[in-house]
Amino acid sequence: MKFYNVDFEPIGKRGRCRDDESLLDCARRSGIGMVSLCGGRGKCHGCKVQILRGSVSEPTSNERESFSSQELRDGYRLACQTYIASDCQVQIPLESVTTPQRIQVEGLEVSVHREPSVSSYHIQASSPSLSDLQADEERIIETLNHQYKLHCNSIDIDVLRKSSSLLRSWNWDAQVSLRDNEVIAINPWPSHQLGLAIDLGTTKVAGYLLDLSSGKTLASEGMMNPQLSYGEDIVSRITYVMESRAKTIKLQEVVVEVLNQLAANLCNKTNTKSEEILEAVIVGNTAMHHLLLHLPVEGLAASPFAPAVQRALDIKARDIGLDIAPGAYVHLLPNIAGFVGADHVAMLLATEEIWKGQGLVIAIDIGTNTEVSLINNGEISSVSCASGPAFEGAHIKDGMRAANGAIERLQLINGKITYETIGGLPPVGLCGSGILDAIAQLYLADIINKDGRISNHPRVRTYEKQREFVLVSQEERGSSPAITITQKDVRELQLAKGAIHSGIKVLLQERGYSEKEIKKVIIAGAFGSYINVMSAVSIGMLPRLPLDHFQQVGNAAGIGAKLALLSINKRVEAQAVASRVSYIELATAPHFEEIFFQAIYLG
Ligand code: FES
């Protein structure tokens, strides 16, 4: 086995690469988060790199299909298919890196009556002496029960391990935090009483630090889910972990590392300590939930997609490696079904004020997997649509995540294209909302017809045997290649929008309603918050309703997690909402194939 040096540009990171590992594995080992939708099978084009110097293995058949001969001559390769044979310099394009990305952490503010599951008390216990030989545990419990008329009966074993010597150094003046009748933290008096709410998404993780005594959100932050490097969608990740126990452990470890990093960052921002975080609430889709808890995912891999557990769970934070107060718990909201998880329950919880008593409402959380609920008179039916990663910019030739330089808004007026990019930087590619705008504008200008076919236009060209519309030409970009929408991109978006539209259609059909009867459409999630609703309606992704029927609510799942953190009543409500939902498996709906086939038409 030989080792070579690899310089990864433009990040300027150097890796030591073995000749028997792929460039993708080497990048991962070097701490570089790379896009890998297909889990390294050479199918998704996500791990595109350019070899600037050095020799590497011959292109595989997948690479010959992915790149033109000119691109291969220019050194473009798929990192997952490439093995190096000398020291190398490798350029990683912005769109192949999983960071940085704009992450939606904000959402509508919902007020809640504060009833956290943890309460903190100030105690002053007496010191042990020759005439008072009581053990530390009994001393704390007795003082607490006596001072506050409580029924505390135990101290978490880790709290006991860590606190005995500290209590002596604090002269037995301490802040004791209780959950039910168990002591889960002992801190010096006075300490903060903090809670951590996490929305664990397939692509992004949003974290919120809350003051449990006031209910205020002290800080929030978003990070990329590092599991992206092991497969961008849920199915790739499930396939990955089913290959070995070591891979299951790996995926759990990388995500917990990010949760700990988030907690540390939030504490740094607020000058607080992670030991002061007395409880966490985590919401995520069923697969993220199972991977975090090391639960078997085999049931999610094949029909009927039964989860290992549905009910809400309370587990010790240390059991998943979450580094907060020693005896703290993590509460996980209930799942609904294999592909409709606790994040959708959290979203329904957060938007309850909007949908309650409103008549027929559609609540939709757009992502790689899109969950849709139809709500009427307290009855909730849900479906899960495999909308795929096109809205994340994946499988789109010039698609990219919502990072700096991504075109996020686009208009075509009198044949002239105007656009806005994230950060106001020169355009690098198109993120989801930009792709949606581009297809809608081309459709409205009759450049793309109902079937999705690109017609003739001065900006339409055939390049590498494919028709494409030039959005930003090579001349406009200087020396970089033109940014285009290809015929294949249009097909990808048609499939994504068709999945969402057919999900809504099946729900309406199953419950006997028509589109016209919908009173409100609630759109949640990062992508949903940034889209131009008009574009989504124009291409037929969302129902054709007046614009004031739509409400974009930001990261409602994160808000739901915050509500559950602040109120045990909200946890009860979440359980009630989850048990009221009847889940419809799309594949089993009558005439689903026909509905889907119709739904992929534009307009
Ligand atoms: S093509 Fe390399 S990870 Fe998908």
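## A tour from a cis proline to a three-stranded sheet

Begin by selecting P304, which is found in the loop between helix 9 (298-301) and strand 14. In this predicted model, a cis peptide bond joins S303 and P304, and its omega is about 10°. Another bond of this kind can be brought up by selecting W189 and P190, where the peptide bond is cis with omega near -10°; P190 has its place in the loop between strand 9 (182-188) and strand 10. While looking at loops, select N271 as well, which lies in the loop between helix 7 (245-270) and strand 13 and has a positive phi of about 55° although it is not a glycine.

Now zoom out to the whole protein chain, whose secondary structure comes to 18 helices and 27 strands. Its radius of gyration is 26 Å, close to the 25 Å that the globule rule gives for 603 residues, so the chain is as compact as a globular protein of that length. Along the principal axes, the C-alpha atoms fill a box of roughly 95 × 65 × 45 Å.

**The six-stranded sheet**

Next, colour strands 10 to 15, which make up an open sheet of six strands in the order 12-11-10-13-15-14, with mixed pairing. At its edges are strand 12 (217-224) and strand 14 (313-316), each of which pairs on one side only. Neighbouring strands of this sheet are turned by 20° against each other on average, direction ignored.

Within this sheet, select residues 194-200 and 277-284, that is, strand 10 and strand 13, which run parallel and are joined by seven bridges. Showing L196 and A280 gives a convenient place to look across the pair, since L196 stands opposite A280 in strand 13.

Then add helix 8 (residues 286-293), which packs on the sheet and touches strand 10, strand 13 and strand 15 (329-332), its direction making about 135° with that of strand 13. Helix 16 (residues 556-566) also packs on the sheet, where it touches strand 10, strand 11 (204-211), strand 12, strand 13 and strand 15, and its direction makes about 150° with that of strand 10.

**Two helix pairs**

Keep helix 16 on display and add helix 10 (residues 342-350): the two pack at an angle of about 80°, with their axes 7 Å apart. Helix 10 and helix 16 are therefore roughly perpendicular to each other, as angles of 65 to 115 degrees are counted that way. To see what meets at this contact, show side chains for D343, A346, M347, L349 and A350 in helix 10, and for A556, A557, I559, G560, A561, L563 and A564 in helix 16. Sorted by class, the contact has ten nonpolar residues, one polar and one charged.

For the other pair, select helix 13 (residues 487-511) and helix 18 (residues 592-599), whose axes come within 8 Å and cross at roughly 130°. These two helices are therefore oblique to each other, and their crossing is right-handed. On the helix 13 side, the residues to show are G498, H501, S502, K505 and V506, which meet F592, I595, F596 and A599 in helix 18. By class, this contact has five nonpolar, three polar and one charged residues.

**The three-stranded sheet**

Finally, leave helix 13 visible and select strands 22, 23 and 24, which form an open sheet of three strands in the order 22-23-24, with antiparallel pairing. Strand 22 and strand 24 stand at the edges with a single partner strand each, so one side of each is left without a neighbour in the sheet. From one strand to the next, the twist averages 45°. Helix 13 packs on this sheet, touching strand 23 and strand 24, and its direction makes about 60° with that of strand 24.

Looking at the pairs in turn, strand 22 (residues 460-463) and strand 23 (residues 466-472) run antiparallel and are joined by four bridges. They form a hairpin with two residues between them, and E464 in the turn has a positive phi of about 50°. Four bridges likewise join strand 23 to strand 24 (residues 483-486), and these strands also run antiparallel.

As a last stop, centre the view on F469 in strand 23, which is the bridge partner of V460, and which has I485 as its bridge partner in strand 24.

Methods:
Residues are numbered from 1 along each chain as its sequence is written. This is a predicted model: local features need pLDDT of at least 70, side-chain atom pairs count only at pLDDT 80 or more; totals for chains, interfaces and linings use all residues. Two strands pair if DSSP finds at least two bridges between them. Axes are lines fitted to C-alpha atoms, for helices over the stretch in contact, and angles run from 0 to 180 degrees between N-to-C directions. Two residues are in contact if their C-beta atoms, placed from the backbone, lie within 7 Å. Angles under 35 degrees count as roughly parallel, over 145 as roughly antiparallel, 65 to 115 as roughly perpendicular and the rest as oblique. Ala, Val, Leu, Ile, Met, Phe, Trp, Tyr, Cys and Pro count as nonpolar, Asp, Glu, Lys and Arg as charged, and the others, Gly among them, as polar. A crossing is left-handed if the near helix is turned anticlockwise from the far one by less than a right angle, and right-handed if clockwise. The radius of gyration is taken over C-alpha atoms; the globule rule is 2.2 Å times the number of residues to the power 0.38.
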